[in-house]
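I wanted to look up the open and enclosed spaces in this model and what sits around the ligand. My notes are below, in the order in which I checked things.

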Amino acid sequence: MAKKTVKDVDVAGKRVLVRVDFNVPLKEGRVTDDTRIRAALPTIEYLREQGCRVILMSHLGRPKGAPDPAFMLDPVAMRLGQLLGVPVRKLSEISGPGVEAAAAGMGPGDVLLLENSRFDPRETKNDPSLVKELARLGDLYVNDAFSAAHRAHATTAGLASVLPSVAGLQMEQEVSALDGLLREPKRPFVVVLGGAKVTDKIKVIDRFLDLADQVLIGGAMAFTFLKAQGHSVGASKVEEEGVEVAAEALKKAAASSCRLVLPTDVVAADDFSEDAATQVVSAGAIPEGWMGLDIGPETAKTYAEAIVGAAEVFWNGPMGVFEMAPFAAGTRAVAEAMAASPGVTVLGGGDSVSAVNKLGLADKMDHVSMGGGASLEFIEGAELPGVVSLPDKV
Ligand code: ADP
Ligand code: MG
């Protein structure tokens, strides 16, 4: 299912409309994490080398379909300019005569950034009139925003129906990493799932029970599984409506060749806080009033061994409340095992990616997906509008 990319068509000298995902965190007018901007550099640099006029589009945050100073893209243009080493002109509009005039004045290699696409209420409605106005600016549409591909908006999907379209290099990498893992995973294929909610990720668990050799569970969702098995989980976070769902997954796993593995020990705390009293207890017997906030050392060792012994690993969701130091060891153990594993390692998910970034281990992974929600939907088997609208490689 490889997508046709910017390298598969003649782009030389063209006016190219590129949808990127510059939905980055801002603080006091500065970009505090430029990972997503960096991810778009290969495509932008390639197009500049080819003498293209590069017109960039992105959303940032959730403005309510109207201009909002808190979500203007000026800090992004500033950071992008620093990374590219050339000034990036940022416009205060998304479409219209002013934008057309600016685009007409571009030279080869110039980079222009349109204002936050969600300032226009037509963006999220995939309104054909906005699509038409934008399409006038370019000869080619490039979608390099995998993390926004689960939305059918004007800039993420609509443009692909009116302009010749290809995937950007980041999009291509995301799709081929996830598609490869779903289509023909190397075995043993180990999946590690953690994070907050079973109900958020049940379809992902379900898909992997069909595909993987082992699914290792950590994070808060482990307690919903333990409860479904009839264990006492004390004051641990349990999703009542998830217990049934977890029981179904356990039943499915028992009947399949995939092992669904739960923690055997946990780090329990008497309070949800950094300076709570803690003890390592058996996962099956968490004392009354105590809550499990991380997998225990025995579980971490078991999971790490499985990861190091795998030929392919996919990980989503932290193993514990890694934001607090006393409950970060499980997540660190998994991250370090991923880094050490000789297998193909793929990581996805907002909080898990930020945990791995914090540990400085992101560049030790074979692929780090930028697309939190989009990557999970992709794994569930959903057709992402931003992906299906792009032509396949022939
Ligand atoms: P991701 O963004 O990687 O997909 P999620 O959003 O599903 O992950 O979950 C991340 C959150 O889960 C983190 O904020 C973390 O603190 C929380 N979490 C992990 N383990 C526990 C736990 N045992 N109890 C409560 N919260 C937890
Ligand atoms: Mg999250």
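These entries cover the pocket, the ligand and the cavity.

**Entry 1: the pocket.** I noted at the start that the model is predicted. I looked up the largest pocket and found a volume of about 600 Å³. I then listed its lining, which has 32 residues, with Gly195, Ala196, Lys197, Pro318 and Asp351 closest to the centre. I sorted the lining by class and got 12 nonpolar, 12 polar and 8 charged residues.

**Entry 2: which elements line the pocket.** I checked which elements supply at least two lining residues each, and found helix H6 (198-211), strand S14 (291-295), helix H11 (350-358) and helix H12 (372-380). Which of them gives the largest share of the lining? I found that H12 does, with 5 residues.

**Entry 3: where the ligand is.** I checked the position of ligand 1 and found that it sits in the largest pocket. In the shell around ligand 1, I found that S14 and H11 are the elements that give two or more residues. The largest share of this shell comes from H11, with 3 residues. So for the pocket lining I have H12 down as the largest contributor, and for the ligand shell I have H11.

**Entry 4: the shell itself.** I counted 19 residues around ligand 1, and the closest are Lys201, Gly292, Glu323, Asp351 and Ser352. Asp351 is also among the residues closest to the centre of the pocket. By class, I have the shell as 6 nonpolar, 9 polar and 4 charged residues.

**Entry 5: polar contacts of the ligand.** I looked up distances to oxygen atoms of ligand 1. For Lys201, an N or O atom of the side chain is 2.8 Å from one. For Ala196, the contact is made by a backbone N or O atom, at 3.1 Å. For Asn316, a polar side-chain atom lies at 3.3 Å. I then looked up how much of ligand 1 is covered: on its own it has 580 Å² of accessible area, and the protein covers 85% of that.

**Entry 6: the cavity.** How many cavities of 30 Å³ or more are there? I got a count of 1. The largest cavity holds about 80 Å³ of space. I listed 13 lining residues for it, the closest to its centre being Asp21, Arg36, Ala39, Asp144 and Gln170. Helix H1 (35-49) and helix H5 (169-183) each supply at least two of the lining residues, and H1 gives the most, with 3. By class, I noted 7 nonpolar, 2 polar and 4 charged residues in this lining.

Terms used
Residues are numbered from 1 along each chain as its sequence is written. Chains are lettered from A and ligands numbered from 1 in the order in which they are written. This is a predicted model: local features need pLDDT of at least 70, side-chain atom pairs count only at pLDDT 80 or more; totals for chains, interfaces and linings use all residues. Side-chain values use heavy atoms; hydrogens and water are left out. On a 1 Å grid over the protein atoms alone, a cavity is a set of points where a 1.4 Å probe fits but cannot get out, and a pocket is an open set with protein on both sides within 12 Å along at least five of seven lines; lining residues have an atom within 4 Å of a point. Grid points are joined across faces, edges and corners, and a volume is the space filled by probe spheres set on the points. Helices (H or I, at least four residues) and strands (E, at least two) are DSSP runs, numbered from the N terminus. Ala, Val, Leu, Ile, Met, Phe, Trp, Tyr, Cys and Pro count as nonpolar, Asp, Glu, Lys and Arg as charged, and the others, Gly among them, as polar. A residue is near a molecule or strand if one of its heavy atoms lies within 4 Å of it. A polar contact is a pair of N or O atoms within 3.5 Å; within protein, one must be able to donate a hydrogen and the other to accept it, and residues adjacent in sequence count only if both atoms are side-chain atoms. Accessible areas come from the Shrake-Rupley method with a 1.4 Å probe; for residues, only the protein chains shown count as cover. A molecule sits in a cavity or pocket if more than half of its atoms lie within 2 Å of its grid points.
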